[in-house]
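Me: Please take a close look at one part of this model, the nonpolar core, and describe what surrounds it and what it is built from.

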Amino acid sequence: MEKTITDEQKRVHYNCSKCPAYCCAIYERVQVTKRDINRLAKHFGVTVEEATKRYTKVWGKERVLRRKKDRIFKEACMFLDPDTRGCTIYHGRPAVCREYPARTRCVYYDALQFERRQQDDPEALPLIQLTFRKVHKKTVGDQNGKERRKRVIGDKRKQVNGK
Ligand code: SF4
Ligand code: SF4
């Protein structure tokens, strides 16, 4: 996702053109709204029904973009160009992609630059994986018989907000 810097915009400290597109790959779901699907339909010149079926799927109670296999990451958004690592539907991309990362820094770009400096290798490509687990608290007894609350990491994967 390229960012055009104008006088009205804050200076950003990341460069999507020099990134393998972590944000288009490591999130399991990129949520789409009805408006996003309408935009997709217009972009491809198909009906809303066709766009819904071809480009999206249901995830839990939400509709998300479909994914495909990726040669760098295990999977990525179906619209990510595998070679250029750019978005192939830039003007038709969903709102969440337009807003991301909504900050002047991108943590993944920072990690990429950090590792390249650490490894002294400008081509190093850290494979970042993002996994969410459900965390809840339960009451357990300690050695003195007193009860205390403990954080428990559950096995169930939490469905997370995409980008
Ligand atoms: S992970 Fe960050 S730097 Fe890389 S493409 Fe996404 S927003 Fe751009
Ligand atoms: S629609 Fe484009 S910007 Fe959004 S996740 Fe897919 S490839 Fe990335």
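Reply: A nonpolar core is here a set of buried Ala, Val, Leu, Ile, Met, Phe, Trp, Tyr and Cys residues joined through C-beta atoms within 7 Å. The model is a predicted one, and its largest nonpolar core has 24 residues, with Cys24, Val30, Leu65, Cys77 and Leu80 making the most contacts inside it. At least two residues of this core come from each of α2 (48–55), β2, β4 (75–77), α3 (95–99) and α4 (107–119).

Cys24 is a useful place to start, since apart from its neighbours within four places in sequence it is in contact with Ala76, Cys77, Leu80 and Cys87. Cys24, Cys77, Leu80 and Cys87 appear again, together with Cys97, as the closest of the 12 residues that surround ligand 2. The shell around ligand 2 consists of 11 nonpolar residues and one charged residue, with no polar ones.

Of the elements that supply the core, β2 (residues 62–65) pairs with β1 (residues 56–59) in the antiparallel sense over four bridges, and within this pair Trp59 stands opposite Glu62 in β2. The two strands form a hairpin with two residues between them, where Gly60 in the turn has a positive phi of about 60°.

For α4, the 13 residues should span 18 Å at 1.5 Å a residue, and the end C-alpha atoms are 18 Å apart, so the expected and modelled spans agree. After α4 comes Asp120, whose phi is positive, near 50°.

Notes. Residues are numbered from 1 along each chain as its sequence is written. Chains are lettered from A and ligands numbered from 1 in the order in which they are written. This is a predicted model: local features need pLDDT of at least 70, side-chain atom pairs count only at pLDDT 80 or more; totals for chains, interfaces and linings use all residues. A residue is near a molecule or strand if its C-beta atom, placed from the backbone, lies within 6 Å of it. Ala, Val, Leu, Ile, Met, Phe, Trp, Tyr, Cys and Pro count as nonpolar, Asp, Glu, Lys and Arg as charged, and the others, Gly among them, as polar. Two strands pair if DSSP finds at least two bridges between them. A residue is buried if 20 or more other C-beta atoms lie within 10 Å of its own, exposed if 12 or fewer, and partly exposed in between; C-beta atoms are placed from the backbone. Two residues are in contact if their C-beta atoms, placed from the backbone, lie within 7 Å. The expected span of a helix is 1.5 Å times one less than its number of residues.
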